[in-house]
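Here are some short exercises on charged side chains and a pocket. Have the viewer open and work through each one before reading its solution.

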Amino acid sequence: MKNKQKTVSEEENDGQFSWYSLSGPYDDVILSTRVRLARNLADFLFPDRLNDDDRMSVLSLVYDSFAGNPSYHFIYTSNVPAKSRQILLDKNYLAPGKKCDAFVLGLGNCSDSFCAVNSCDHIRISNFTAGLDCERAMQNAYKIDEMLQEKLQFAASYEFGYLTSQIKDCGSGLKISFRCFIPSIVLSGELKKVSELLEKQRFCIKPVFKSHDTANFSNCLFDIYTSSSFEGTELDQMAAIQSVGMLIFKTERKIRKNFADNNPTVVLNFVKQSYARSMYAMLLDYEESVDIICAIKWGLHTGIIEGILENELNSLFYRIKSGQLEFLCDNFQFTFESDIASDMNLKIKRLRATVIQQAFEKLSFKS
C-alpha cells in the first residue's frame with residue numbers, strides 16, 4: 001500500500017495532541033484515568049421519562065450554559081454522521097448501546113473533557129487523563145461542574161446528595177476508573193488474589209477483552225472502577241481508588257521483575273513472536289493488534305527492546321481503532337492493493353498494519 005501524501009503518523013493530527021498520546025504518571029501499568037460526574041436538573045424527570053417538550057427544555061438549558069464559551073462545542077447527536085459517532089465510541093466518550101440527544105466536546109486545553117446530554121442522566125461530565133492521575137481528572141471535571149452550577153439547578157437532597165437515574169450513582173455522582181495493563185500479574189497466576197482484594201474494598205475489575213486464547217496479551221488489559229458514589233466524600237473516593245491504583249502498579253512491577261528474571265526465554269519468545277507478526281502482517285484486526293502492542297509493551301518493560309516510548313505505545317490503542325482508520329481512508333489519499341481497494345473492512349485492516357509498522361520502525365532488541 002502506498003500513500004501519495006505523507007506518512008500516516010504525520011497525517012493523523014488528531015492523535016498527535018489528544019490526551020491519550022501524552023505521558024502520564026505510572027503509565028507503564030496504568031494507561032489512563034477517567035472521572036465521570038452524573039448530574040440531573042431539578043424539576044425534570046430523568047431522561048428515560050421525559051416527554052418531547054421537557055427533553056427539548058433540558059437541551060436548551062444545557063446549550064445556554066455552554067453558549068459563548070469558546071472552550072466547548074455543543075453538538076446535536078442527530079447531526080452527527082455514523083462514522084463520526086464511531087470515533088466518539090472508539091475514544092470511550094460515548095458508551096455502546098447508550099443514547100444521548102446531544103454532547104459537548106472540549107476544545108483546545110479542554111480537549112480531554114466530554115459531556116453527554118440526556119443519556120442515562122441529563123448531564124454526564126467525563127474527563128480523561130493519561131496514566132494514574134485522579135486528582136487532575138477530578139479538577140478538570142469539577143471545573144465544568146462548577147461552571148454549570150452557576151447557571152443550572154441540579155437535583156439534590158441533604159440525605160442522598162445528587163439524585164441520579166441509577167441508585168449506585170447517587171451521593172457524589174462521581175465514578176472514577178482506570179485502565180491498567182498487568183501481564184505479570186496475569187501470567188504469574190496472581191490475578192485471582194488481586195481481584196478478591198479489590199472486591200473486598202468494593203472496587204470492580206472488568207477485562208477489556210475476553211479472548212479464549214490464554215496466550216493473548218489483550219487478556220491483560222483491565223478496567224478498575226468505583227462501584228458506588230454514595231460512600232464517603234469525593235476526596236475520600238478519589239484517595240481510595242488512587243491508593244488501589246498505586247497498589248496495582250507496585251504489585252505488577254514487583255512480579256514483573258521476578259517473572260522476567262526467572263523466565264527470560266519465555267518473555268523473549270512472546271516479544272519476538274509479536275514483533276515478527278507486526279512487521280510481516282498485511283492485514284490486522286483490532287484485537288490481534290492489541291495483543292501485539294501489549295507484548296511489545298511488556299518487552300519494553302522487561303528491558304528486551306528499545307526505540308519506542310511508553311506514550312507512543314499507549315496512543316496506538318486508540319489510533320488503530322476502526323473509526324479513526326475509516327476517517328483516514330475517507331479523507332486522505334492512499335493507494336491500496338487492487339484486491340482490497342473496494343472493501344472498507346480490508347482497507348482498515350491494511351491501514352492498521354501500516355500504522356503499527358510505522359510506529360515500530362525504530363524499535364530494536366537489546367543485545
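**Exercise 1.** Decide whether Asp330 is buried, partly exposed or exposed, then find which side chain it meets in a salt bridge.

*Solution.* In this predicted model, Asp330 has 39% relative accessibility. Partly exposed covers the range between under 20% and over 50%, so Asp330 counts as partly exposed. Next, look for a partner: the side chain of Lys83 meets that of Asp330 in a salt bridge (2.7 Å, N to O). The pair links distant parts of the chain, with Lys83 in helix α4 and Asp330 in helix α12, 247 residues apart. Lys83 is partly exposed too, at 44%.

**Exercise 2.** Work out which residues form a salt-bridge network with Asp169.

*Solution.* Start with the location: Asp169 sits in the loop between β8 and β9. With a relative accessible area of 4%, Asp169 is buried. Now follow its side chain. One salt bridge goes to Arg36 (3.1 Å, N to O). Arg36 belongs to strand β2, so this pair ties together parts that are 133 residues apart in sequence. Another salt bridge joins Asp169 to Arg124 (3.3 Å, N to O); Arg124 is in strand β6, 45 residues apart from Asp169. Arg124 is buried at 11%. Finally, add Asp121: the network consists of Arg36, Asp121, Arg124 and Asp169.

**Exercise 3.** Describe the lining of the largest pocket: how many residues are nonpolar, polar and charged?

*Solution.* The pocket holds about 1200 Å³ of space, and 43 residues line it. They divide into 22 nonpolar, eight polar and 13 charged. Strand β2 gives the largest share, five residues.

Conventions. Residues numbered from 1 in each chain as written. Predicted model: local features only at pLDDT ≥ 70, side-chain atom pairs only at ≥ 80, totals over all residues. Heavy atoms only, no water. Helix = DSSP H or I, 4+ residues; strand = E, 2+ residues; numbered from the N terminus. 1 Å grid on protein atoms, 1.4 Å probe; cavity = no way out; pocket = protein on both sides within 12 Å on 5 of 7 lines; lining within 4 Å. Points joined across faces, edges and corners; volume = space filled by probe spheres on them. Nonpolar A, V, L, I, M, F, W, Y, C, P; charged D, E, K, R; others polar. Salt bridge = Lys/Arg side-chain N within 4 Å of Asp/Glu carboxyl O. Buried < 20%, exposed > 50% of the residue type's maximum accessible area, 1.4 Å probe, protein only.
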